[in-house]
Amino acid sequence: MSTKTERLMSLRAARQLRRVRDFYSAGVLLWVAAAAWTGWTHPGSRQMWVSLLLLAVFAGLLATASVWLRRFQAAPGHRPAHHAAPGRARTRHTVLGPARTHHAAP
């Protein structure tokens, strides 16, 4: 069973991965626009190739962050703890059956 500190760290790590993924997706959008613009205005130029290179870098980082986040969320030990009581409490009656007595039936 994980401790409270480990759960907090896992929640923080998931939140940070989501932020990083959002940042990389913004970078991908920026470099798609830049590559399209330079490809339209200056086809085959050095600026176009640099934009495409940076697009590939950000796309790779976005893919990596997405895979890590998916694996992190799918890990069995990283689920939030349920603090509510179960729907039906286990009592002696449900575990062992009804108590047997020697009283006469009414």
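**Phe58 and the helices around it**

Student: Why is Phe58 called buried?

Tutor: Phe58 has a relative accessibility of 17%. Buried means under 20% relative accessible area, exposed means over 50%, and partly exposed covers what lies in between (1.4 Å probe, protein chains only). Phe58 therefore counts as buried.

Student: What kind of model is this, and how are its residues numbered?

Tutor: This is a predicted model, in which local features need pLDDT of at least 70 and side-chain atom pairs count only at pLDDT 80 or more, while totals for chains, interfaces and linings use all residues. Residues are numbered from 1 along each chain as its sequence is written, and side-chain values use heavy atoms, with hydrogens and water left out.

Student: What is the confidence in the chain and in its elements?

Tutor: The average pLDDT of the chain is 80, and 62% of the residues score at least 70; pLDDT is the predictor's confidence in each residue, from 0 to 100. Among the elements, α2 has the highest mean pLDDT, 92, and helix α3 (residues 92-96) the lowest, 55. Where pLDDT is low, the predicted coordinates should not be read in detail.

Student: Which elements make up the chain?

Tutor: The chain has three helices and zero strands, in the order α-α-α along the sequence. Helices (H or I, at least four residues) and strands (E, at least two) are DSSP runs, numbered from the N terminus.

Student: How do you know that the span of α2 agrees with its number of residues?

Tutor: The expected span is 1.5 Å times one less than the number of residues. For the 29 residues of α2 this gives 42 Å, and the end C-alpha atoms are 42 Å apart, so the two values agree.

Student: What makes Phe23 and Tyr24 an aromatic pair, and why is the pair called tilted?

Tutor: Rings of Phe, Tyr and Trp (its six-membered ring) pair if their centres lie within 6.5 Å; planes under 30 degrees apart count as stacked, over 60 as edge-to-face and the rest as tilted. Three aromatic pairs result from this rule. One of them joins Phe23 and Tyr24, with centres 5.9 Å apart and 55° between the planes, and it is tilted.

Student: Are Phe23 and Tyr24 buried or exposed?

Tutor: The relative accessible area of Phe23 is 55%, so Phe23 is exposed. For Tyr24 the value is 18%, so Tyr24 is buried.

Student: Why do Phe23 and Phe58 also count as a pair?

Tutor: Their ring centres are 6.4 Å apart, and the planes meet at 55°, which makes this pair tilted; the limit for pairing is 6.5 Å. This pair links distant parts of the chain: Phe23 belongs to helix α1 (residues 4-41) and Phe58 to helix α2 (residues 46-74), 35 residues apart. Phe23, Tyr24 and Phe58 form one aromatic cluster.

Student: What makes up the largest nonpolar core?

Tutor: Its five residues are Tyr24, Val28, Leu55, Phe58 and Ala65. A nonpolar core is a set of buried Ala, Val, Leu, Ile, Met, Phe, Trp, Tyr and Cys residues joined through side-chain atoms within 4.5 Å. Two or more residues come from each of α1 and α2, and α2 gives the most, with three.

Student: Which residues does Phe58 touch?

Tutor: Leaving aside residues up to four places away in sequence, Phe58 touches Phe23, Tyr24, Gly27, Val28 and Trp31. Contact means heavy atoms within 4.5 Å.

Student: Why is Trp31 called partly exposed?

Tutor: Trp31 lies in helix α1. Its relative accessible area is 21%, so Trp31 is partly exposed rather than buried. With residues up to four places away in sequence left out, Trp31 touches Ser51, Leu54, Leu55 and Phe58.

Student: Why does Ala35 count as buried?

Tutor: Ala35, also in helix α1, has 9% relative accessibility and therefore counts as buried. Ala35 touches Met48, Ser51 and Leu52, not counting residues up to four places away in sequence. The C-alpha atoms of Ala35 and Leu52 are 5.7 Å apart, although 17 residues separate them along the chain.

Student: Where is Thr64, and why is Thr64 called partly exposed?

Tutor: Thr64 is in helix α2. With a relative accessible area of 35%, Thr64 is partly exposed. Its C-alpha atom is 8.9 Å from that of Arg21, 43 residues apart along the chain.
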